Amino acid sequence: MSSVTTKLSNAASVASSDAQALVAEMRKAIGSMRSLAVDFEKDGKSDKVKKLEEMVLEMVASYEDCMALTQAIKEVPGVYQPSDQPTDFKTLIESEVNKINGASSASGQNHPLFRQFRESVWNIHHAGQPMPGEEQEDIIMTSTQMCILNVTCPLTGKPVIELADPVRCVECRHIYEKGPVMHYIKSKKPPQCPIAGCPRVLQVGKVVCDPLLLIEIDELRSSEPAAQNATNIEDVTDLIDEDEE
């Protein structure tokens, strides 16, 4: 790898990390808005639920834009071609964003996060019934279920929602308890991912607690029957009340 490519990879890593932190905050906000909508639905405040639904739809669109940008930045070092002419990185990133968006089937009201929002509200009074436009036999996979590939650590057998220090492989996206997996990487030669059928070889620097992991685990935990509603949502409530004045 040339010095230019190395510097580009380092810069892309820092930039994508910053963008991913923003994505994590947006994910938190969407989760808080979902919890607030559930409370409003319980109280019969359908007008506020509708307002939140519109806000979530806008937030999801921004979330997808940031996700695409984050992934595009990661791809830049791999598609960069050295040349005697200055590289137009803006155009290069835009091209990668377009590729990512073109390959995505999740958008607007079909986006998993928005469907998750609607399903949470719908289940308050219609639990067990299909939402309008969906058949009873349809299987709705929530965003969290799609992001969390394994619900138990393959090394300890513990559910991921009970892991004290969870980490995830940036390549295969499988989740483990940090201590056991680090020991596994150092003692196993080669340290192939312990998930059956996964061909990835684990590396210390590529098994990390990324910004979205803890949020996704919290979302999975909140889907449990005894889960409590999210807190710290006063800011969203204030925003809705201000719009009504």
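1. Let's start in helix 4, residues 112–126. F114 and F117 are three residues apart there, so about one helical turn separates the two. Their rings make an aromatic pair of the stacked kind, with 6.3 Å from centre to centre and 15 degrees between the planes. Keep in mind as you look that this is a predicted model.

2. Are F114 and F117 buried or exposed? F114 has a relative accessibility of 1%, so it counts as buried, the cut-off being under 20%. F117 is buried too, with a relative accessible area of 1%.

3. How many aromatic pairs does the structure hold? There are two. Besides the pair in helix 4, look at Y80 and F89: their ring centres lie 5.9 Å apart and their planes meet at 20 degrees, so this pair is stacked. Planes count as stacked when they are under 30 degrees apart. Y80 counts as buried because its relative accessibility is 14%. F89 comes out at a relative accessible area of 33%, so it is partly exposed.

4. Now step back to the whole chain. It has eight helices and three strands. Walking along from the N terminus, you meet the elements in the order α-α-α-α-α-β-β-α-β-α-α. The chain has 245 residues, and 36% of them count as buried. If you take the contacts with a separation of 6 or more, 63% of them join residues 24 or more positions apart.

5. Helix 1 is a nice one for a quick check with pencil and paper. It covers residues 3–42, which makes 40 residues, and at 1.5 Å a residue it should span 58 Å. The expected span is 1.5 Å times one less than the number of residues, so remember that step if you redo the sum. The C-alpha atoms at the two ends are 59 Å apart in the model, which agrees. Just after helix 1 comes G44, with a positive phi of about 75 degrees.

6. Next, have a look at the largest pocket. It holds about 1400 Å³ of space. Its lining is made up of 40 residues, and the ones nearest its centre are Q20, M67, Q71, K74 and R173. Which elements give two or more residues to this lining? They are helix 1, helix 2 (46–79), helix 3 (89–103), helix 4 and helix 5 (143–147). Helix 2 supplies the largest share, with ten residues.

7. E96 is worth finding on the screen. This residue sits in helix 3. Buried or exposed? With a relative accessibility of 7%, E96 counts as buried. If you ignore its neighbours within four places in sequence, E96 is in contact with A72, E75 and V79.

8. Finally, a word on confidence. The average pLDDT of the chain is 82, and 83% of the residues score at least 70. Where does pLDDT stay under 50? One such stretch is residues 136–145, where the model has 20 contacts beyond four places in sequence. Another is residues 225–234, with nine contacts beyond four places in sequence. pLDDT is the predictor's confidence in each residue, so read those two stretches with that in mind.

Notes. Residues are numbered from 1 along each chain as its sequence is written. This is a predicted model: local features need pLDDT of at least 70, side-chain atom pairs count only at pLDDT 80 or more; totals for chains, interfaces and linings use all residues. Side-chain values use heavy atoms; hydrogens and water are left out. Helices (H or I, at least four residues) and strands (E, at least two) are DSSP runs, numbered from the N terminus. Rings of Phe, Tyr and Trp (its six-membered ring) pair if their centres lie within 6.5 Å; planes under 30 degrees apart count as stacked, over 60 as edge-to-face and the rest as tilted. Buried means under 20% relative accessible area, exposed over 50%, partly exposed in between (1.4 Å probe, protein chains only). pLDDT is the predictor's confidence in each residue, from 0 to 100. Contact means heavy atoms within 4.5 Å. On a 1 Å grid over the protein atoms alone, a cavity is a set of points where a 1.4 Å probe fits but cannot get out, and a pocket is an open set with protein on both sides within 12 Å along at least five of seven lines; lining residues have an atom within 4 Å of a point. Grid points are joined across faces, edges and corners, and a volume is the space filled by probe spheres set on the points.
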